[in-house]
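Good morning, colleagues. Please take a moment with the sequence and the coordinates before I begin.

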Amino acid sequence: MTDPNAALAIALFSELLTADQLIRNRLSKVLPKGMEISHFSVLNQLGRIADERTPAQLAKSFHVTRGAMTNTLNKLEWAGYIHIRPDWDDARRKMVAISPAGRQARDAALAAISPMISELVSELGDEKVRAVLPILRELRLKLEDS
């Protein structure tokens, strides 16, 4: 390794990847039965924006393929958590909205994961979390741009 920043970069990404895996494991254990992280993520976004989105828009916002998003949306529709309808202006497109059952599932998931997240933040301390958020945000934006 001739680049002096290589070891630092590898350490950073190793920590991020390990933390991601540990967070996903913990979330999977506390989410309501049958709900996957991808399901919660889509329901949470649809619940926050309170507006319809196309499957392509959702795929882009989650940085996944359209096929992967279609798979997730099919599972959510089957569970009754979302409604998918044709776009009235362009029948080739579909529009996705959260259903009342989806809102309830999202709320149940939030209630299940909130204690775990709050405990982690409390253990780390508010100051550390506030300090690292801008750095993580900047890293995410740089990765999105590339």
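I will speak about helix 2, the nonpolar core and several salt bridges.

Please bear in mind throughout that this is a predicted model.

I begin with helix 2, which runs over residues 37–49 and has 13 residues. From its first C-alpha to its last it reaches 18 Å, close to the 18 Å expected at 1.5 Å a residue. Just after helix 2, alanine 50 takes a positive phi of about 50°.

Which residues of helix 2 are buried? They are Ile37, His39, Phe40, Val42, Leu43, Asn44, Gln45, Leu46 and Gly47. The cover over these buried residues includes three other helices that I would point out, namely helix 1 (6–30), helix 3 (55–62) and helix 4 (66–78). It also includes strand 1 (82–86), strand 2 (94–98) and helix 5 (100–124).

This leads to the largest nonpolar core, which has 20 residues. Within this core, Leu31, Met35, Leu43, Leu46, Leu73 and Ile82 touch the most other members. Two or more residues each are given to the core by helix 2, helix 3, helix 4, strand 2 and helix 5. Helix 2 supplies the largest share, five residues.

Leucine 31 deserves a closer look. Leaving aside residues up to four places away in sequence, leucine 31 touches Glu36, Ile37, Phe40, Ala109 and Ile113. Of these partners, Ile37 and Phe40 are among the buried residues of helix 2.

I turn now to charged side chains. How many salt bridges does the structure hold? There are eight, and I have chosen three of them.

One joins arginine 24 to aspartate 20, with the closest N and O atoms 3.2 Å apart. These two residues are separated by about one helical turn, because they lie four residues apart in helix 1. In general, an α-helix has 3.6 residues a turn, so residues three or four places apart point the same way. Arginine 24 is partly exposed at 39% relative accessibility, and aspartate 20 is partly exposed at 35%.

Another links the side chains of arginine 93 and aspartate 87, at 2.5 Å from N to O. Here arginine 93 is partly exposed, with a relative accessible area of 42%, whereas aspartate 87 is buried at 8%.

My last example pairs aspartate 107 with arginine 106, at 3.8 Å from N to O. In this bridge aspartate 107 is partly exposed at 45% relative accessibility, while arginine 106 is buried at 15%.

Thank you for your attention.

How values were computed:
Residues are numbered from 1 along each chain as its sequence is written. This is a predicted model: local features need pLDDT of at least 70, side-chain atom pairs count only at pLDDT 80 or more; totals for chains, interfaces and linings use all residues. Side-chain values use heavy atoms; hydrogens and water are left out. The expected span of a helix is 1.5 Å times one less than its number of residues. Buried means under 20% relative accessible area, exposed over 50%, partly exposed in between (1.4 Å probe, protein chains only). Contact means heavy atoms within 4.5 Å. A nonpolar core is a set of buried Ala, Val, Leu, Ile, Met, Phe, Trp, Tyr and Cys residues joined through side-chain atoms within 4.5 Å. A salt bridge is a side-chain nitrogen of Lys or Arg within 4 Å of a carboxyl oxygen of Asp or Glu.
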